[in-house]
Amino acid sequence: MHTSYDTIGVNYSDLRKPDARIEKVISNALGPAETVLNVGAGTGSYEPTGRSVTAVEPSAEMIRQRNASAAPVVQGYAENLPFDDNSFDASMAVLTVHHWTDKAKGCHEMRRVTRGPVVVLTYDPAFRAFWLLDYFPELVALDEGQMPQLTDYREWLGPVAISPVPIPHDCSDGFLSAYWRRPAAYLDPKVRAAMSSFWKVGDVSQALGRLEKDLESGAWAQCHGELLHLDARDCGYRLVVTR
């Protein structure tokens, strides 16, 4: 699973631009940390500025797309971080833990190399209040199989605070729920290509046809039109921060 982003990652940086509002939430959680480790760093989204950041990323394709001004990166895995104990003031992992082969070991490694807070942006697999799941119920089974339960983080990291991260209606980071107020975006194969979930569930042409039909007929708006008046909403994303 680690290397799947060598395929998925093509054009990833064009569609997965960090959202400043989510970036601020993560930066605040890192506190006054001066040295930060970013695990499963991808193309460098949400790496804080004004701090000394070290990135770890397994995918060569993702590393290739990192900006020249991005933090120095080590090609490696969360489960075997090549750093001494307590090497960093803080560490972070953004929408990546579910891709790790051994999630518990990866979190233990983050805790081992970090003196201060460990900050994880993840998704609650128990969350169901999203219209997209009505069209693609296989996403529910996928998340139940790959996403850690929120209680797992307490077991792996020790005491943690868990808080919702509302997703703005115009979120610039094209992860799965980013287009909750822009349903037509899910019909675009380029948009779906930057979402690992759609790669994993396979052929979704029938569900896409139903969504397209409902958008054209107005059925989607009739059921979910109240969303069009919201600036942000809870889509199930959670920030886990060690105490």
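## Basis

A residue is called buried under 20% relative accessible area, exposed over 50% and partly exposed in between, with a 1.4 Å probe and protein chains only. The model is a predicted one, in which local features need pLDDT of at least 70 and side-chain atom pairs count only at pLDDT 80 or more, while totals for chains, interfaces and linings use all residues. Residues are numbered from 1 along each chain as its sequence is written, and side-chain values use heavy atoms, with hydrogens and water left out.

## Helix α3

Helix α3 spans residues 20–30 and has Ile22, Ile26, Ala29 and Leu30 as its buried residues (helices are DSSP runs of H or I with at least four residues, strands are runs of E with at least two, and both are numbered from the N terminus). These four lie on the same side of α3 because they cover an arc of only 105 degrees around the axis, the arc being that of the directions from the helix axis to the C-beta atoms. Ala20, Lys24 and Asn28 are exposed on the other side of α3.

The buried residues of α3 pack against five strands: β1 (35–39), β4 (90–94), β5 (118–123), β7 (167–168) and β9 (237–242). Contact here means heavy atoms within 4.5 Å. Glycine 31 follows α3 and has a positive phi, near 65 degrees.

## Strands around β9

Strand β9, one of the strands packed against by the buried residues of α3, has six of its six residues buried. Tyr237, Leu239 and Val241 are on one side of β9, and Arg238, Val240 and Thr242 are on the other; both faces are covered.

β9 runs antiparallel to β5, to which five bridges join it; strands count as paired if DSSP finds at least two bridges between them. Strand β6 (residues 160–164) also pairs with β9 in the antiparallel sense, over five bridges. Arginine 238 of β9 is the bridge partner of threonine 122, and arginine 238 is the bridge partner of proline 164 as well.

## Strands around β2

Strand β2 (residues 52–57) is largely enclosed by the rest of the structure, because five of its six residues are buried. β1 and β2 are paired in the parallel sense through five bridges, with valine 56 in β2 as the bridge partner of valine 39. Strand β3 (residues 73–75) also runs parallel to β2, with three bridges between them. In β3, valine 73 is the bridge partner of alanine 55.

## Nonpolar cores

The largest nonpolar core has 50 residues, and those with the most contacts inside it are Ile22, Ile26, Trp131, Phe136 and Tyr186. Such a core is a set of buried Ala, Val, Leu, Ile, Met, Phe, Trp, Tyr and Cys residues joined through side-chain atoms within 4.5 Å. At least two residues of this core come from each of α3, β4, β5, α6 (132–135), α7 (138–146), α11 (205–217) and β9. Helix α3 supplies the largest share, four residues.

Phenylalanine 136 touches Phe198, Val204, Ala207 and Leu208, leaving aside its neighbours within four places in sequence. A second, separate core has 20 residues, including Leu37, Leu81, Trp100 and Tyr153.

## Helix α11

Helix α11 has 13 residues, and the distance from its first C-alpha to its last is 18 Å, close to the 18 Å expected at 1.5 Å a residue. The expected span is 1.5 Å times one less than the number of residues. Ala207, Leu208, Leu211 and Asp214 are the buried residues of α11. Viewed down the axis of α11, these residues fall within an arc of 125 degrees, so they line one face of the helix.

The face of α11 turned away from that buried side carries the exposed residues Gln206, Lys213, Glu216 and Ser217. Helices α6, α9 (189–193) and α12 (219–224) are packed against by the buried residues of α11. Glycine 218 comes after α11 and has a positive phi, near 90 degrees.

## Aromatic pairs

There are eleven aromatic pairs in the structure. Rings of Phe, Tyr and Trp (its six-membered ring) pair if their centres lie within 6.5 Å; planes under 30 degrees apart count as stacked, over 60 as edge-to-face and the rest as tilted. One edge-to-face pair is phenylalanine 130 with tryptophan 131, at 5.5 Å centre to centre and 65 degrees between the planes. Phenylalanine 130 and tryptophan 131 are both buried, and ring pairs link them with Tyr135, Tyr179, Tyr186 and Trp220 in a cluster.

Tyrosine 153 and tryptophan 156 form another edge-to-face pair, at 5.7 Å centre to centre and 75 degrees between the planes. Both residues lie in helix α8 (residues 150–157), three residues apart, about one turn of the helix. Tyrosine 153 and tryptophan 156 are both buried.
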